[in-house]
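Colleague: I should be grateful for a close look at a single part of this model, set against the whole. Please describe how that part is put together, and then how the remainder relates to it.

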Amino acid sequence: MTFITIYLKTVYFYAENGATQTKNPDSSSCIEFSTGQKEISHADGSREIIFPDGVREIVSVNGRKETIHNDGVRKILEVNGDEIVMFPDGQKVQFLQNLY
C-alpha cells in the first residue's frame, strides 16, 4: 500500500513483514520494522541503524562505521581496519590493523 502525504513524502507499507518505508523529497528514507528496528538512509549516502535495544550504528559514505551503545561506549571501525573504543569516563583504546 502506498500513500503520498502533503509533505511530499511517500510512505510504503509492506503487509508481509509489517515494515513501513518513508521516502522523503531530499532522497533520504527510513524503514521501520515491526521489531522496532529502524534503518535510515541519509541524503548524503550515509546510513544509520537503530536497534530495538537502542544501540545505534552509523555507516558513513566512505565506509567508516560507528556503533554507539546505551552505556555510552562508542566503537569506531575505520576503513583501514583500525578500531577505536571510547568509554564514557574518557578512556580510549585503539587497535591498529597494520603495524609496520
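**A close look at strands β3 to β6**

Modeller: In this predicted model, the protein exposes about 7000 Å², of which carbon and sulfur atoms supply 54%. The protein contains 0 helices and 11 strands, and its pattern along the sequence is accordingly β-β-β-β-β-β-β-β-β-β-β. The C-alpha atoms fill a box of roughly 55 × 25 × 25 Å along the principal axes. The radius of gyration is 17 Å, whereas a compact globule of 100 residues would have a value near 13 Å. Of the 100 residues, 24% count as buried. Among contacts between residues at least 6 apart in sequence, 0% join residues at least 24 apart.

The part I have chosen for close inspection begins at strand β3 and ends at strand β6. Strand β3 comprises residues 19-23 and strand β4 residues 29-32; the two pair in the antiparallel sense over 4 bridges. Thr22 belongs to β3, and its bridge partner in β4 is Cys30. With a relative accessibility of 18%, Thr22 counts as buried, because the limit for that class is under 20%. Leaving aside residues up to four places away in sequence, Thr22 touches Lys9, Thr10, Val11, Ser28, Ser29 and Cys30. Its bridge partner Cys30 is thus among the residues that Thr22 touches. The hairpin of β3 and β4 has 5 residues between the strands, and in this hairpin Ser27 adopts a positive phi near 75 degrees.

Strand β4 pairs in turn with strand β5, residues 38-41, again in the antiparallel sense and over 4 bridges. Two positions illustrate the pairing of β4 with β5. Ile31 has Glu39 as its bridge partner in β5, and Ser29 stands opposite Ser41 in β5. The hairpin of β4 and β5 has 5 residues between its strands, with Gly36 at a positive phi near 100 degrees.

From β5, the pairing continues to strand β6, residues 47-50: β5 and β6 run antiparallel and are joined by 4 bridges. Ser41, which stands opposite Ser29, has Arg47 as its bridge partner in β6. The hairpin of β5 and β6 likewise has 5 residues between the strands, and Gly45 takes a positive phi near 100 degrees there. Gly45 lies in the loop between β5 and β6, where it is partly exposed at a relative accessible area of 45%. The C-alpha atom of Gly45 is separated by 8.3 Å from that of Ser28, although these residues are 17 apart along the chain. Ser28 is also one of the residues that Thr22 touches.

Beyond this part, the salt bridges deserve attention. Side chains of opposite charge can pair when their charged atoms come close. The structure holds 5 salt bridges. One of them links Glu48 to Arg56, with the closest N and O atoms 2.8 Å apart. The two partners differ in their surroundings: Glu48 counts as buried at 11% relative accessibility, while Arg56 is partly exposed with a relative accessible area of 31%. Glu48 falls within the span of residues 47-50 that defines β6.

Further along the chain, Arg64 takes part in more than a single pairing. Its side chain meets that of Glu66 at 3.8 Å, N to O, and that of Glu78 at 3.4 Å, N to O. Arg64 lies in the loop between β7 (56-59) and β8 (65-68), and Glu78 in the loop between β9 (74-77) and β10, so this pair ties together parts that are 14 residues apart in sequence. Salt bridges with shared partners join Arg64, Glu66, Arg74 and Glu78 into one network. Within this network, Glu66 is buried, at a relative accessible area of 10%. Arg64 is partly exposed at 29%, and Glu78 is also partly exposed, at 26%.

A nonpolar feature of the surface completes the account. Phe87, Val93 and Phe95 make a nonpolar surface patch of about 240 Å². Phe87 is found in the loop between β10 (83-86) and β11 (92-95), and it is partly exposed with a relative accessible area of 33%.

Terms used
Residues numbered from 1 in each chain as written. Predicted model: local features only at pLDDT ≥ 70, side-chain atom pairs only at ≥ 80, totals over all residues. Heavy atoms only, no water. Pairing = 2+ DSSP bridges. Buried < 20%, exposed > 50% of the residue type's maximum accessible area, 1.4 Å probe, protein only. Contact = heavy atoms within 4.5 Å. Patch = residues over 30% accessible without salt bridge, like charges linked within 9 Å, V, L, I, M, F, W, Y side chains within 5 Å. Areas by Shrake-Rupley, 256 points an atom, 1.4 Å probe, with all protein chains shown as cover. Salt bridge = Lys/Arg side-chain N within 4 Å of Asp/Glu carboxyl O. Rg over C-alpha atoms; globule rule 2.2 N^0.38 Å.
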